[in-house]
Amino acid sequence: MTSSPVAVSEPKPKQIILEIEGMTCASCAARIERKLKAVEGVEEASVNFASQKAYVQPAAPLKDLTVLLTAVEKAGYSAKPYLPQYRVSRMFESEQHELGWRLVVGGIFTAPFLFQHLAMLWFPFYLSPLTQFLLAIPVFFVTGSTFHAATLKGLRGGEITMNTLVSLGSSVAFFSSLAAPWGRMSDLYFDAASLIIFFVALGRYLEIFSKRKANHALEMLSNLRPKIAHVLKETKQEDVPVEIVGKGDTLYVRPGESIPVDGDVMEGKGQVDESLLTGESMPVEKRPGDYLFAGTLNGPAGLTMRARSVGKDTALARMIRLVEEAQGSKAPIQRTADRVAAVFVPLVLALALVTGAGWMLLGGSPLSVALGRAISVLVIACPCALGLAVPIALMVGIGVAAKRSILIRRADVLEKSNQINVMVFDKTGTLTEGKPRLVDFVVLGDFGEEKLLRYAAAVELGTSHPLASAILKEAMVLDLILPKAEKVMDSPGAGVQGFVEGHQVAIGTKPFIESLEGVYSSDKVRANVEAYRQGGQTVSLMAIDKKIAAILVLEDPPRANSKEVVASLKKLGMKVHLLTGDGELVAQKVGERVGVDVVKAGMTPGGKLDYIRELQGKGLKVAMVGDGYNDAAALAAADLGVALGTGTDVAQEAGDMVLIQGDLSKVIEAVKLARETFKVIRQNLFWAFGYNLLALPLAVFSQVPPSLAAAAMSLSSITVVLNALRLYRKKF
């Protein structure tokens with residue numbers, strides 16, 4: 001199979017995140033998005049109404065953000081750079097506080113109208129026209145000011161938004177009542193104007209509260225950031241802000257404190273709680289040489305560590321950045337909903353005019369009745385639920401994934417995950433542990449096993465030979481003292497040779513050893529090698545002074561849960577394929593043990609890429625799971641690239657999804673979460689469209705009071721938000 005060249009693209013400039021203030025509906029987000037896209041130098045812009053943020057991708061690095069902030073201001077809103085060191089919920093607090101006190105004012109002065117409506121169920125009761133007028137003034141001008149101001153902003157820019165419907169409906173009700181004869185109670189709509197504003201404001205307040213809940217996962221990650229680090233100097237310990245810790249600094253972590261940066265344990269032994277970062281409830285034992293993650297919680301023992309990754313390069317900072325970017329992106333299904341919402345508002349305005357005119361001209365109704373019908377249409381059809389249906393579900397789904405140690409790069413990844421029907425796994429380090437173990441050591445010559453291991457470890461020390469880690473680990477277990485190796489020559493992928501204590505030592509594959517001058521293998525050796533190979537094991541030979549002295553048998557066992565993961569994927573209706581650069585016998589044995597459907601051995605990085613494209617050419621939606629450099633091209637080409645967090649940085653950057661712990665079972669969780677998220681999205685869209693399909697005819701052809709229309713509209717928005725929040729309680 002010929003391999004295709006892998007194109008290397010230039011890295012994109014860093015994405016800019018802005019915090020937006022003043023957005024009250026999905027139409028606001030669409031307006032800001034259009035203004036940002038029109039800015040010169042902006043390649044892509046996405047505004048998320050649910051998170052109150054704008055995500056801008058410049059074509060080249062922007063030196064001055066003023067041009068972006070000005071574009072948002074011209075749209076009628078305010079913006080500032082998003083600062084992740086503050087709490088995520090801060091962006092909602094001012095908006096919630098502002099709307100909260102206005103809602104209290106509205107509640108106080110709307111209560112008499114509610115009492116009037118309830119009392120009329122049992123006996124006639126009317127507030128006097130003057131009383132209704134005085135009660136409606138603070139509700140209309142104080143509580144309703146947010147809707148009126150947003151409407152004026154939109155109209156100045158030639159935009160008709162969802163706020164326009166609320167403001168116009170309540171204004172028609174209020175001002176038509178001023179012009180009506182106050183002697184006829186049926187012509188007064190002060191109560192409708194007040195109840196419309198109050199119910200919509202109440203619904204919006206609950207939306208903000210729910211959006212803060214949807215951002216809980218991101219806020220939780222942000223709150224993990226430590227503030228202070230204890231840096232060890234030559235003669236003292238100095239407390240410094242964690243932002244100025246440098247790579248290579250030596251730090252002391254006190255018992256019960258958060259780990260300040262990523263790094264290695266230098267001294268001490270203890271337990272570290274990594275649950276908030278990885279999802280594992282049990283503390284992890286840490287010894288010298290083990291890796292520590294920023295934000296995890298140290299146990300009862302103090303640890304000395306060396307900083308390896310600091311600031312934005314820590315795993316925690318990377319998680320937060322990926323979650324933020326993913327929540328700001330849009331899935332194709334959301335773009336469809338946005339387009340529908342954009343044309344819906346003008347249609348509703350036209351329908352309200354037609355309804356009012358129809359009841360007057362065709363139905364013979366008085367102006368007051370026709371106005372009431374038109375107001376009900378304006379309010380009941382406000383498509384807030386449609387604007388929230390998709391983004392709120394995506395935000396919650398991405399947040400839930402982050403809490404489960406699954407990092408999702410973009411919102412469309414969830415949609416892709418929902419469509420996958422073939423799951424392709426790399427073998428080494430993905431389905432297998434990736435850490436070969438020395439399972440047999442057959443001595444053939446005059447040297448003893450201990451001396452052979454000492455010699456083998458000496459030449460393997462510092463090499464990249466696959467056998468090296470297994471031999472060195474065995475030597476460490478036996479506490480062997482290693483002699484010095486000289487004139488070491490490493491042949492990557494084949495073997496290594498050198499001189500130890502005057503002896504010529506060579507270790508490697510059978511072809512490599514047999515290619516050395518003066519070395520030959522007997523029939524017995526070849527028979528042993530073939531027997532082990534038939535068993536699916538990897539075999540290396542060791543020669544000393546041109547004589548084969550030992551057979552080393554290695555095994556890279558499947559991960560403990562590989563078989564269960566493959567079986568679960570099959571139950572979900574997927575075919576599972578295995579790709580590896582290993583030989584056919586080893587690959588087939590691993591494939592049989594874990595239960596995959598198709599095994600492809602001897603695959604180069606280009607071969608893996610071609611195989612993914614071959615499957616896609618058959619119309620299949622393909623996911624690729626891998627961890628190494630040789631998987632990066634296939635991960636990037638697959639419909640869904642899943643990288644293990646324990647793998648290489650290249651693989652992680654190429655993946656659409658990163659499993660932080662490297663736990664294969666997270667693949668199952670990710671697929672189930674994606675399916676459940678899109679189930680919620682479909683439910684939300686069904687409800688949002690269904691609500692309008694039912695509500696509009698009722699408002700047009702029957703007598704739906706404007707106050708009831710406002711309550712129904714608010715309830716529809718709250719319904720889609722609460723439905724999305726159910727994902728937090730789901731088990732996967």
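The following questions and answers go through the fold, cores, salt bridges and backbone of a predicted model.

In this predicted model local features need pLDDT of at least 70 and side-chain atom pairs count only at pLDDT 80 or more, while totals for chains, interfaces and linings use all residues. Residues are numbered from 1 along each chain as its sequence is written, and side-chain values use heavy atoms, with hydrogens and water left out.

Me: What percentage of the residues of the protein chain count as buried?
Reply: The protein chain has 26 helices and 26 strands, taken as DSSP runs numbered from the N terminus (helices H or I, at least four residues; strands E, at least two). Buried means under 20% relative accessible area, exposed over 50%, and partly exposed in between, with a 1.4 Å probe and protein chains only. Of the 732 residues, the share that counts as buried is 54%.

Me: How much of the area that the protein chain exposes is supplied by carbon and sulfur atoms?
Reply: Accessible areas come from the Shrake-Rupley method with a 1.4 Å probe, and for residues only the protein chains shown count as cover. The protein chain exposes about 32,000 Å². Carbon and sulfur atoms supply 59% of it.

Me: Which helix gives the most to the largest nonpolar core?
Reply: A nonpolar core is a set of buried Ala, Val, Leu, Ile, Met, Phe, Trp, Tyr and Cys residues joined through side-chain atoms within 4.5 Å. The largest has 81 residues, of which I20, I32, L36, M423, F425, L569 and M657 touch the most other members. The helix that gives the most to this core, with twelve residues, is α13 (residues 384–403).

Me: Which residues is I20 in contact with, leaving aside its neighbours within four places in sequence?
Reply: Contact means heavy atoms within 4.5 Å. In the protein chain, residues 24 or more positions apart account for 69% of the contacts with a separation of 6 or more. For I20, the residues in contact are I32, Q52, K53, A54, V72, Y77, S78 and A79.

Me: Why are the buried residues of α21 on the same side of the helix?
Reply: In α21 (residues 584–594), the buried residues are V586, A587, V590, G591 and V594. An α-helix has 3.6 residues a turn, so residues three or four places apart point the same way. Taking the directions from the helix axis to the C-beta atoms, the buried residues are on the same side of α21 because they cover an arc of only 130 degrees.

Me: Which elements do the buried residues of α21 pack against, and what phi does G595 take?
Reply: The buried residues of α21 pack against α15 (427–431), β20 (538–544), α20 (562–571), β22 (575–579) and β23 (598–600). G595 comes just after α21. Its phi is positive, at about 85 degrees.

Me: How many residues apart in sequence are the parts that K80 and E21 tie together?
Reply: A salt bridge is a side-chain nitrogen of Lys or Arg within 4 Å of a carboxyl oxygen of Asp or Glu, and the structure holds twelve. The side chains of K80 and E21 meet in one (3.4 Å, N to O). Because K80 lies in strand β4 (residues 78–81) and E21 in strand β1 (residues 16–21), the pair ties together parts that are 59 residues apart in sequence.

Me: Is E669, the partner of R404, buried or exposed?
Reply: R404 and E669 form a salt bridge through their side chains (3.3 Å, N to O). R404 lies in the loop between α13 and β14 (406–408) and E669 in helix α25 (residues 665–701), so the pair ties together parts that are 265 residues apart in sequence. R404 is partly exposed at 22% relative accessible area. At 14% relative accessibility, E669 is buried.

Me: Which residues make the nonpolar surface patch of about 480 Å²?
Reply: Patches are made of residues with over 30% relative accessible area and no salt bridge: like charges are joined within 9 Å, nonpolar side chains (Val, Leu, Ile, Met, Phe, Trp, Tyr) within 5 Å. L362, one of the members, lies in the loop between α11 (332–361) and α12 (367–380) and is exposed, with a relative accessible area of 79%. The residues that make the patch are M360, L361, L362 and L367.

Me: Where is K487, which has a positive phi?
Reply: Most residues other than glycine have a negative phi. K487, not a glycine, has a positive phi near 50 degrees. K487 is exposed, with a relative accessible area of 69%. Its place is in strand β17 (residues 485–491).
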